[in-house]
Amino acid sequence: MEQLQQTRTVPVTGSYDVAVCGGGPGGWIAAVAAARMGARTALVERNGYAGGMATAGLVVPISVFVYSGELVCGGIPWEFVQRMVDQGGAQVEEPLGNVAHDPEIYKLTAQRMLLESGVHLHFHSVLTGCRQEGGRLTHVILDTKSGPQALAARYVIDSTGDGDLCAMMGVPMQENVLPLQPASLCFCLGGVDTDRLERTHHEIQGLNYHNERIQSFLRELSRTREVPTFGGPWFCHLLRPGSVMVNMTRTEADMTDPAQATEAECRLREDAHALTALLREHFPEFRNARILYTAQQAGVRETRHVKGVHVLTGEEYLQAVPFPDAVARSAHPIDIHSGGDSHQRCTFLEKAAYIPYRSLIVPGFDNLLVASRCFSGDQIASASVRVQAPVMCLGQAAGAAAAQCARTGASVHDADIPALQALLREWGAAV
């Protein structure tokens with residue numbers, strides 16, 4: 001393969017106590033947490049808004065905040081939910097605590113919380129590199145429409161979902177044992193008879209909300225007719241009659257490979273329209289349905305998993321081991337999707353699980369934290385923690401820890417865990 005060598009001068013356009021890379025559910029919450037503690041904080045995001053899978057990916061609902069009657073994802077994430085509810089942009093599906101939301105209200109509410117907290121927003125900025133000195137990262141490098149920029153940072157949080165920053169830094173990754181979970185392109189349908197469509201509210205604990213009636217029909221139809229690979233399907237109401245968000249498409253792909261990602265997104269977009277046509281043809285509640293819009297990007301369930309100080313195992317997760325350094329909790333079922341067909345392995349938890357701080361830090365890197373689905377958990381534990389509410393909890397903990405360390409200059413490996421846990425509880429987190 002032909003190789004090009006490029007040398008360029010990159011201006012340093014900002015200096016921060018904490019730089020958060022990735023504005024998805026974990027990233028923007030981490031930025032708010034760090035800024036509220038007084039840290040000069042930057043948030044880097046390739047889109048012009050925060051939210052990641054919730055907004056660019058149209059993944060609705062946000063799950064799970066409440067389990068067995070206990071608020072397990074409290075603090076800043078729950079404050080955010082309540083603010084959306086107050087604006088008429090979200091509905092908490094009680095008693096389980098899944099949250100149906102309007103993605104546009106999500107964007108606006110997250111933006112307001114970031115700006116109110118004093119976070120410096122670097123939207124429309126793509127993370128393309130970093131600079132290290134020993135075991136510390138000193139700068140993150142961005143590409144923008146006006147050219148490359150560098151941000152100096154004392155502490156950095158990787159919330160890219162795919163672990164992009166960690167990969168650039170040479171952080172060790174776990175070897176995946178199971179096949180990667182498939183990607184899905186969510187889409188919004190209008191013209192649906194939502195009064196007749198069942199399972200659009202996700203409120204009962206221990207129930208997988210896929211539509212069994214439609215799933216069974218499409219499986220049978222596929223015996224005699226070509227039906228695109230599908231999952232679920234899952235439908236979620238959008239706070240107004242006639243509209244539902246649909247999670248139904250799926251395809252096998254490594255979404256860190258641009259060639260595979262390109263092919264996958266093209267296929268998924270075709271499948272979204274083909275599946276909508278089948279729904280229109282065979283189900284009266286979809287007779288007048290049409291696609292209003294598809295997600296800006298495919299939803300990614302799994303790519304890289306960092307190898308942290310502690311790799312949270314599926315066994316520890318299912319047993320709800322109460323780690324002494326627990327900083328977050330999670331209650332979503334262990335949810336493993338097949339890429340080649342409509343099957344899914346769904347294991348519900350007896351008790352909300354705990355996530356240790358050691359799974360957010362990496363050996364040999366003194367100022368790096370990880371707060372997204374690429375955190376240090378095995379493929380079983382990650383199949384639950386990857387969803388939005390627990391990722392928000394990871395972000396809250398990582399942002400608070402980074403700001404705490406910034407006050408003293410301590411390594412993230414020497415964070416004051418009792419003080420961090422006390423702060424999180426003061427905010428309302430269940431740790």
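Tutor: Let's start with a cut-off: a residue is buried under 20% relative accessible area, exposed over 50%, and partly exposed in between. Keep in mind that this is a predicted model.

Student: Then what makes Cys346 partly exposed?

Tutor: Its relative accessible area is 26%. Partly exposed covers the range between the 20% and 50% limits, so Cys346 gets that label.

Student: And why does Cys166 count as buried?

Tutor: Cys166 has 0% relative accessibility. Buried means under 20%, so Cys166 is buried.

Student: Why is Cys166 not bonded to Cys374?

Tutor: A disulfide needs two cysteine sulfur atoms within 2.5 Å. The closest cysteine sulfur to that of Cys166 is in Cys374, 5.4 Å away, so it is too far for a bond.

Student: How do you know that Cys346 has no bond to Cys236?

Tutor: Run the test again with the 2.5 Å limit. Cys236 holds the closest cysteine sulfur to that of Cys346, but the distance is 16 Å, so that is too far for a bond. For the whole structure, the disulfide count is zero.

Student: On to the helices. Why are α1 and α3 called roughly parallel?

Tutor: Helix α1 (residues 25–36) packs on helix α3 (residues 103–117) at an angle of about 25°, and their axes are 8 Å apart. Angles under 35 degrees count as roughly parallel, so that is the name for α1 and α3. The crossing in which α1 passes α3 is left-handed.

Student: Which residues make that contact?

Tutor: From α1, they are Pro25, Trp28, Ala31, Val32, Ala35 and Arg36. From α3, they are Tyr106, Ala110, Met113, Leu114 and Ser117. By class, the contact of α1 with α3 has nine nonpolar residues, one polar and one charged.

Student: What makes one of them charged and one polar?

Tutor: Arg counts as charged, and Arg36 is in the α1 part of the contact. Ser is not listed as nonpolar or charged, so it counts as polar, and Ser117 is in the α3 part.

Student: Why are α9 and α10 called oblique?

Tutor: Helix α9 (residues 388–408) and helix α10 (residues 417–427) pack at about 130°, with axes 10 Å apart. Roughly perpendicular runs from 65 to 115 degrees and roughly antiparallel needs over 145. The angle of about 130° fits neither range, so α9 and α10 are oblique. Here α9 passes α10 in a right-handed crossing.

Student: Which residues of α9 and α10 are in contact?

Tutor: On α9 they are Gln396, Ala397, Ala400, Ala401 and Gln404, and on α10 they are Ala419, Leu420, Leu423, Leu424 and Trp427. The contact of α9 with α10 divides into eight nonpolar, two polar and no charged residues.

Student: What makes Ala383 buried?

Tutor: Ala383 has a relative accessible area of 1%. The buried limit is under 20%, so Ala383 is buried. Ala383 lies in helix α8 (residues 379–385). Leaving aside residues up to four places away in sequence, Ala383 touches Gln181, Pro333, Ile334, Asp335 and Ile336.

Student: How do you know that Ala328 is buried?

Tutor: The relative accessible area of Ala328 is 1%, against a limit of under 20%, so buried is the word for Ala328. Ala328 is in strand β15 (residues 326–330). Among the residues Ala328 touches are Tyr354, Ile355, Cys393 and Val431. Between Ala328 and Gly395 there are 9.2 Å in space, C-alpha to C-alpha, and 67 residues in sequence.

Student: What about Arg199: why does Arg199 count as partly exposed?

Tutor: Arg199 is at 26% relative accessibility, and partly exposed lies between the 20% and 50% limits, so the label fits Arg199. The phi of Arg199 is near 60°, a positive value in a residue other than glycine. Arg199 sits in the loop between β11 (187–190) and α5 (212–221).

Student: And what makes Leu239 partly exposed?

Tutor: Leu239 has a relative accessible area of 29%, inside the range from 20% to 50%, so Leu239 is partly exposed. Leu239 also has a positive phi, about 70°, although it is not a glycine. The loop between β12 and β13 (244–249) holds Leu239.

How values were computed. Residues numbered from 1 in each chain as written. Predicted model: local features only at pLDDT ≥ 70, side-chain atom pairs only at ≥ 80, totals over all residues. Heavy atoms only, no water. Axes fitted to C-alpha atoms, helices over the stretch in contact; angles between N-to-C directions. Helix = DSSP H or I, 4+ residues; strand = E, 2+ residues; numbered from the N terminus. Left-handed = near helix turned anticlockwise from the far one by under 90°. Contact = heavy atoms within 4.5 Å. Buried < 20%, exposed > 50% of the residue type's maximum accessible area, 1.4 Å probe, protein only.
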